[in-house]
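Reader: Can you take me through this one? Start with the overall build, then a couple of residues.

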Amino acid sequence: MKVKITDLERLILSSLRKKYSEADSQLMADVLLFGQLSGKTSHGIVRLFVGNSSILSQTPKGKPEIIVKSKISSIIIGNGNPGMLVGPLAMKEAIRIAKKEKIGFMGTKDTHTSSGCLSYYLEKIASENLIGIIIAQSPPSTPVSGGIEPLFGTNPMSFGIPSDPRPFIFDMATSAISFGALLKAKTLGQKIPTNVAIDKYGDPTTDPEEAMQGATLPFDNSYKGAGLAMIVEILSGLWPGADFSGLNEQGGWGNLFVAFNPNLLMDVKEFKEKVHLLLEKARHSKTREGATVRIPGEHTLDKRNESLKLGMIDIEDNLYHALQKASKG
């Protein structure tokens, strides 16, 4: 069904306000809406109320706490708050530090939900003329290459680069499918693609429930994808004190936010001009039979902008009705 974006935001905020303050609810609503409006629906409203790692299923122990480690680094202890609340706080602090010190590192731990679509944060970081890197650890769901035991999360890695007229953003999971996509498929009674997951016996499956009991595969089903997942596990899980491969479950989910100024090596204006030159070179490079070149990240921002322009968005009926129910409590 088609839904007005203003109505969708109202229902999201109404649901969130039942457990969180007005300010915190708005921070999370912005991240949720970005996912929904940009077509990254696995990181949209399904994350609000579906599953044990949903926003509304959390019981925070207190407000997030910022622990300063050095003049360029801090850790946010989530105290059980949602990742989509801690994420915006980490992003803002990384930007603040980078503007003052040219580079800022923010680790997060003790959250138990997704931080949402990482492109949301990267657009904001890059729009401040800073380069952004965000990687995110989550509960074990992906095995090493050749294994069937989940050891690493879906573990996305993402980059935001300042450019004109808009940032260049690259955001990918190191797994072949995100856990949010499994949640959505299960909620809608849909199958998942082939060759993205296995069941608990190691056999291929297209059943999202069997995949949740089994494992998601590395994005390339090789040691390279599994190796990248391991790197994310170390830098965004182990390093900030969050969980890593189930060996520190009390640490919760972890993230690493990095923001730094291009002028560490090059004038910002020159950097942005040259990034734009590179993107245009890629955009107009030769293709077979006139195929269109896809620049990473552009479809996400185009879809979001188109949705905002229309003021309307398509949402599956049962998801919308579930959101209505959540908003009424």
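Author: What follows goes from the whole chain to two loop residues. Keep in mind that this is a predicted model.

Reader: How many helices and strands are there?

Author: The protein has 11 helices and 11 strands.

Reader: How does the radius of gyration sit against a compact globule?

Author: It agrees, because 329 residues in a compact globule would give a value near 20 Å and the protein has 19 Å. The C-alpha atoms fill a box of roughly 55 × 50 × 45 Å along the principal axes.

Reader: What share of the residues is buried?

Author: Buried residues account for 50% of the 329. On the outside, the protein exposes about 15,600 Å², and 56% of that comes from carbon and sulfur atoms.

Reader: Switching to residues. Where is T154?

Author: T154 is in the loop between β5 and β6.

Reader: Buried or exposed?

Author: T154 counts as buried, because its relative accessibility is 11% and the cut-off is under 20%.

Reader: Which residues does T154 touch, leaving out those up to four places away in sequence?

Author: Among them are S138, S141 and T142, along with A173, F179 and T216.

Reader: And where is V144?

Author: V144 is also placed in the loop between β5 (131-136) and β6 (157-161). V144 counts as partly exposed, because its relative accessibility is 33%.

Reader: Which residues form the nonpolar surface patch with V144?

Author: The others are M230, I231, I234, L235, L238 and W239. Together with V144 they have about 600 Å² of accessible area.

Key
Residues numbered from 1 in each chain as written. Predicted model: local features only at pLDDT ≥ 70, side-chain atom pairs only at ≥ 80, totals over all residues. Heavy atoms only, no water. Patch = residues over 30% accessible without salt bridge, like charges linked within 9 Å, V, L, I, M, F, W, Y side chains within 5 Å. Areas by Shrake-Rupley, 256 points an atom, 1.4 Å probe, with all protein chains shown as cover. Salt bridge = Lys/Arg side-chain N within 4 Å of Asp/Glu carboxyl O. Helix = DSSP H or I, 4+ residues; strand = E, 2+ residues; numbered from the N terminus. Buried < 20%, exposed > 50% of the residue type's maximum accessible area, 1.4 Å probe, protein only. Rg over C-alpha atoms; globule rule 2.2 N^0.38 Å. Contact = heavy atoms within 4.5 Å.
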